[in-house]
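Please work through the exercises below with the sequence and the coordinates open, and try each task before reading its solution.

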Amino acid sequence: MTTTRALSLLGVDRIHGAGNSAVHALRGLTIEVSAGELVAVMGPSGSGKSTLLNLAGGLDRATAGQVLVDGVELGELDPKALARLRRHKVGYVFQDFNLIPSLTAAENVALPLELDGVRSRPARQRALLALDEVGLADLADRLPQDMSGGQQQRVAIARAVVGERSLILADEPTGALDSETGEQVMRLLRARCAQGVAALLVTHDAGHAAWADRVVFLRDGAAVDDTGSTSGPESLLHEAAR
Amino acid sequence: MSIPHGLLALLDQRPMYGYQLRAEFERATGATWPLNIGQVYTTLTRLERDGQVAGQATDQEGRQRYEITDAGRETLRAWFTKPVTLGDRPRDELAIKLALAALSPGLDVQSVVQHQRVATMQRLQELTRLKRDAPTPSAEDLAWTLVLDNLRYMAEAELRWLDHCEGTLARARPATAPPTGHLDSDATSDLTADPTTQETLR
């Protein structure tokens, strides 16, 4: 059953362009992330990591195969329903934080709620709670420019999980941070997963990927390995054995 | 790993019994270098013979504590100040394995790299789990924390190196090219021209 999965990509192809110039960004990719699970995706540039995140977040559509968020197939939603699902279910964390510079930490975190029709008072209250959970209650009224990179990323994580969101998509969330601050961010993501949120993390940093429950290796648009599954060395000598 | 120096460093804190030394050694290094009690007593006997430690008088239960001598302290200081050189470390089997794999006709080297990458990442995940579960190291666990971080950084470095190997291999011999069974590189011809080498690799 797919209903227990926070995110399922099932046999997904994504082809950019057509004919001779067609580029296969993803080829029959299957990845599933359960509630409470932190999954990291690693792979060289061009292996399809960004396409994967865009599809999982409903920012792009699969050429073939299914993408399901909390059991809802994104391909069957009209643009309006898709946008609503994105706002309700999916939170994003980016490498460069993407906070709105003219808004305070609390206002940044409250923004997705207000866009979703929550009135500003209850939105602020929930934002303050979310900031408290990332240890930033004291900095709620500070502007991003007056915060360190690590603090800004914690605000971004609070923004990603505020409300009832069940899926966090993180694109190199530690890329702009030093190693120790990056570790704090990973600790925080883990803590959110322990509360039942599912997270899919794309990273180049093996040290941070290792905080995940599973690490999936992407190559040429397909998952070649998964540290959660045991794969034997049988295939190793397939040519030499002949 | 130098067991004699490890024991001297522990005895430099205070005199200890053999079983204490073993416990302290394991606490400092985690399960990384398990030490059996036989090794501890053999090493102590040798250190005593060489004047590096001295056995104290046995207590009523027949147990004996050992203390470090001035000569032992001298040895220890010299050890701490001398940098570890390449010759002190065991050779890295992985580097040798990959180097030989690159020469081996018909072997999918990318796949060798990938299998190692998964295994190393799994190890890194386990080490990270250990670190995760002990967020703030106490003073007592400081030594083990340092060892644990060392192991994590080594695993990270190995993964970076594997990425690099993969890139180098992809440029040198594209994965899609059928294995030729021949050599196309002059640099490798000496080794692989030797039939016994090829035999072993197969």
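The exercises that follow concern a predicted model, and each task is paired with a worked solution.

**Exercise 1. Place B:Thr43 in chain B and describe its surroundings.**

Solution. Begin with the secondary structure: B:Thr43 belongs to helix 3 of chain B, which spans residues 37-49. Next, consider accessibility: the relative accessible area of B:Thr43 is 6%, and because the cut-off for buried is under 20%, B:Thr43 counts as buried. Then follow the side chain, which reaches the backbone oxygen of B:Gln39 at 2.6 Å. Finally, setting aside residues up to four places away in sequence, list the contacts of B:Thr43, which are B:Ile3, B:Pro4 and B:Leu7.

**Exercise 2. Which residues of helix 1 of chain B are buried, and against which elements do they pack?**

Solution. Take the helix, residues 3-11, and pick out its buried members, which are B:Ile3, B:Gly6, B:Leu7, B:Leu8, B:Leu10 and B:Leu11. Then trace their packing partners within chain B: these comprise strand 1 (16-17), helix 2, helix 3, strand 2 (53-55), strand 3 (65-68) and helix 4 (70-81). The contacts of B:Thr43 with B:Ile3 and B:Leu7 can be read alongside this list.

**Exercise 3. Describe the nonpolar surface patch that includes B:Tyr19.**

Solution. First name the members, B:Tyr19, B:Ile37 and B:Tyr41, which together have about 270 Å² of accessible area. Then look at B:Tyr19 itself, which sits in helix 2 (residues 18-29) of chain B and, with a relative accessible area of 42%, is partly exposed.

**Exercise 4. Characterise the position of A:Thr51 in chain A.**

Solution. Locate A:Thr51 in helix 1 of chain A, residues 49-56, and note that its relative accessible area of 12% makes it buried. Next compare sequence with space: A:Thr51 and A:Leu26 are 25 residues apart in sequence, while their C-alpha atoms are 7.5 Å apart. Lastly, with neighbours within four places left aside, the residues in contact with A:Thr51 are A:Arg14, A:His16, A:Ala25, A:Leu26 and A:Asp60.

**Exercise 5. How many salt bridges does the structure hold over all chains, and what does the pair A:Arg192 and A:Glu133 tie together?**

Solution. The total over all chains is 23 salt bridges. In one of them, the side chains of A:Arg192 and A:Glu133 meet at 2.5 Å, N to O. A:Arg192 lies in helix 6 (residues 179-194) of chain A and A:Glu133 in helix 4 (residues 120-133) of chain A, so the pair ties together parts that are 59 residues apart in sequence. As for accessibility, A:Arg192 is buried at 11%, whereas A:Glu133 is partly exposed at 46%.

**Exercise 6. Trace the salt bridges of B:Asp149, starting from B:Lys131.**

Solution. The side chains of B:Asp149 and B:Lys131 meet in a salt bridge of 3.5 Å, N to O. B:Asp149 lies in helix 7 (residues 142-172) of chain B and B:Lys131 in helix 6 (residues 109-133) of chain B, so this pair ties together parts that are 18 residues apart in sequence. Both of these residues, B:Asp149 and B:Lys131, are buried. A further salt bridge joins B:Arg152 to B:Asp149 at 2.9 Å, N to O; these two residues are separated by about one helical turn because they are three residues apart in helix 7 of chain B. Through shared partners, salt bridges link A:Glu183, B:Lys131, B:Asp149 and B:Arg152 into one network.

Notes
Residues numbered from 1 in each chain as written. Chains lettered and ligands numbered in written order. Predicted model: local features only at pLDDT ≥ 70, side-chain atom pairs only at ≥ 80, totals over all residues. Heavy atoms only, no water. Helix = DSSP H or I, 4+ residues; strand = E, 2+ residues; numbered from the N terminus. Buried < 20%, exposed > 50% of the residue type's maximum accessible area, 1.4 Å probe, protein only. Polar contact = N/O pair within 3.5 Å; in protein donor to acceptor, adjacent residues only side chain to side chain. Contact = heavy atoms within 4.5 Å. Patch = residues over 30% accessible without salt bridge, like charges linked within 9 Å, V, L, I, M, F, W, Y side chains within 5 Å. Areas by Shrake-Rupley, 256 points an atom, 1.4 Å probe, with all protein chains shown as cover. Salt bridge = Lys/Arg side-chain N within 4 Å of Asp/Glu carboxyl O.
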